[in-house]
Structure formats: structure tokens, C-alpha cells
Amino acid sequence: MEYPKPLMTISELAEMGYARRTLEHWVNKPGFPSRKTGNGKTSTWKIDTQEFEKWQIKMGLLQQPRN
């Protein structure tokens, strides 16, 4: 999948069709390609979109693209 930015928030990915609840669960899993930015109530999760698809394949959530 093509992502418009290298780092995207949960809200941005939800707008692209991902389930918000699923993303909120995944960001807390060890090894998920994300980091929390900001502090306290103003913090947001940023998801590394270049690694996101690789993580989904590794976890068996997507199939490896065929060339």
C-alpha cells in the first residue's frame, strides 16, 4: 500500500480505512513500528509507514506481495 507520509498518526491511518481500535491496540505491542511524540495529554502515536507493512506481513496479517 502507498502511504502519503513516512510517519502517520492513528487518525490519519483510520481515514485510510484501518480500524482505529485495532491501531490503538497494535501501538502497545512490542516490536510495532511506532513511537509516542509530545507529552502528557498532547502526545500522539506516530507510525512508521515504511515498517508498518513489513510488521503486518511478519505477524501474518498480510501476505507477502508477489513480483
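The cover over the buried residues of helix α3 includes β1 (7-9), α1 (10-15), α2 (20-26) and β3 (44-48). This is a predicted model, and the description below starts from that helix before turning to the chain as a whole.

**Helix α3**

Helix α3 spans residues 49-58, and its buried residues are Thr 49, Phe 52, Glu 53, Trp 55 and Gln 56. Viewed down the axis of α3, these buried residues fall within an arc of 160 degrees, so they line one face of the helix. On the face turned away from the buried side, α3 carries the exposed residues Gln 50, Lys 54 and Lys 58.

Both ends of the helix have a local feature. At the start of α3, the backbone nitrogen of Gln 50 has a side-chain oxygen of Asp 48 within 3.0 Å. Just after α3, Gly 60 adopts a positive phi of about 80 degrees.

**Aromatic pairs**

Seven aromatic pairs are counted in the model. In one of them, Phe 32 and Phe 52, the ring centres are 5.7 Å apart and the planes stand at 80 degrees, so the pair is edge-to-face. Phe 32 belongs to the loop between α2 and β2 (34-37), whereas Phe 52 belongs to helix α3, so the pair ties together parts that are 20 residues apart in sequence.

How is Phe 52 classed, buried or exposed? Phe 52 is buried, as its relative accessible area is 0%. Phe 32 also counts as buried, at 6% relative accessibility. Ring pairs join these two residues with Tyr 3, Tyr 18, Trp 26 and Trp 55 in a cluster. Of the cluster members, Phe 52 and Trp 55 are among the buried residues of α3.

**Two strand residues**

Thr 9 is located in strand β1, and Lys 36 in strand β2. With residues up to four places away in sequence left out, Thr 9 touches Trp 45 and Lys 46. On the same basis, Lys 36 touches Ser 43, Thr 44 and Trp 45. Trp 45 is thus in contact with both Thr 9 and Lys 36.

The two residues fall into separate accessibility classes. Thr 9 has 16% relative accessibility and therefore counts as buried, while Lys 36 has a relative accessible area of 51% and is therefore exposed. The cut-offs behind these classes are under 20% for buried and over 50% for exposed. The C-alpha atom of Lys 36 is separated by 11 Å from that of Ile 10, a residue 26 positions away along the chain.

The relative accessibilities quoted so far are collected here.

| Residue | Relative accessibility | Class |
|---|---|---|
| Phe 52 | 0% | buried |
| Phe 32 | 6% | buried |
| Thr 9 | 16% | buried |
| Lys 36 | 51% | exposed |

**The chain as a whole**

The chain contains three helices and three strands, and from the N terminus on the order of elements is β-α-α-β-β-α. Along the principal axes, its C-alpha atoms fill a box of roughly 45 × 25 × 20 Å. The radius of gyration is 12 Å, which agrees with the value near 11 Å that a compact globule of 67 residues would have.

What share of the residues is buried? Buried residues account for 27% of the 67 in the chain. The accessible surface amounts to about 5100 Å², and carbon and sulfur atoms contribute 48% of that area. Among contacts with a separation of 6 or more, 42% are between residues 24 or more positions apart.

Definitions and conventions:
Residues numbered from 1 in each chain as written. Predicted model: local features only at pLDDT ≥ 70, side-chain atom pairs only at ≥ 80, totals over all residues. Heavy atoms only, no water. Buried < 20%, exposed > 50% of the residue type's maximum accessible area, 1.4 Å probe, protein only. Helix = DSSP H or I, 4+ residues; strand = E, 2+ residues; numbered from the N terminus. Arc of directions from axis to C-beta. Contact = heavy atoms within 4.5 Å. Polar contact = N/O pair within 3.5 Å; in protein donor to acceptor, adjacent residues only side chain to side chain. Rg over C-alpha atoms; globule rule 2.2 N^0.38 Å. Areas by Shrake-Rupley, 256 points an atom, 1.4 Å probe, with all protein chains shown as cover. Phe/Tyr/Trp six-rings, centres within 6.5 Å; stacked < 30°, edge-to-face > 60°.
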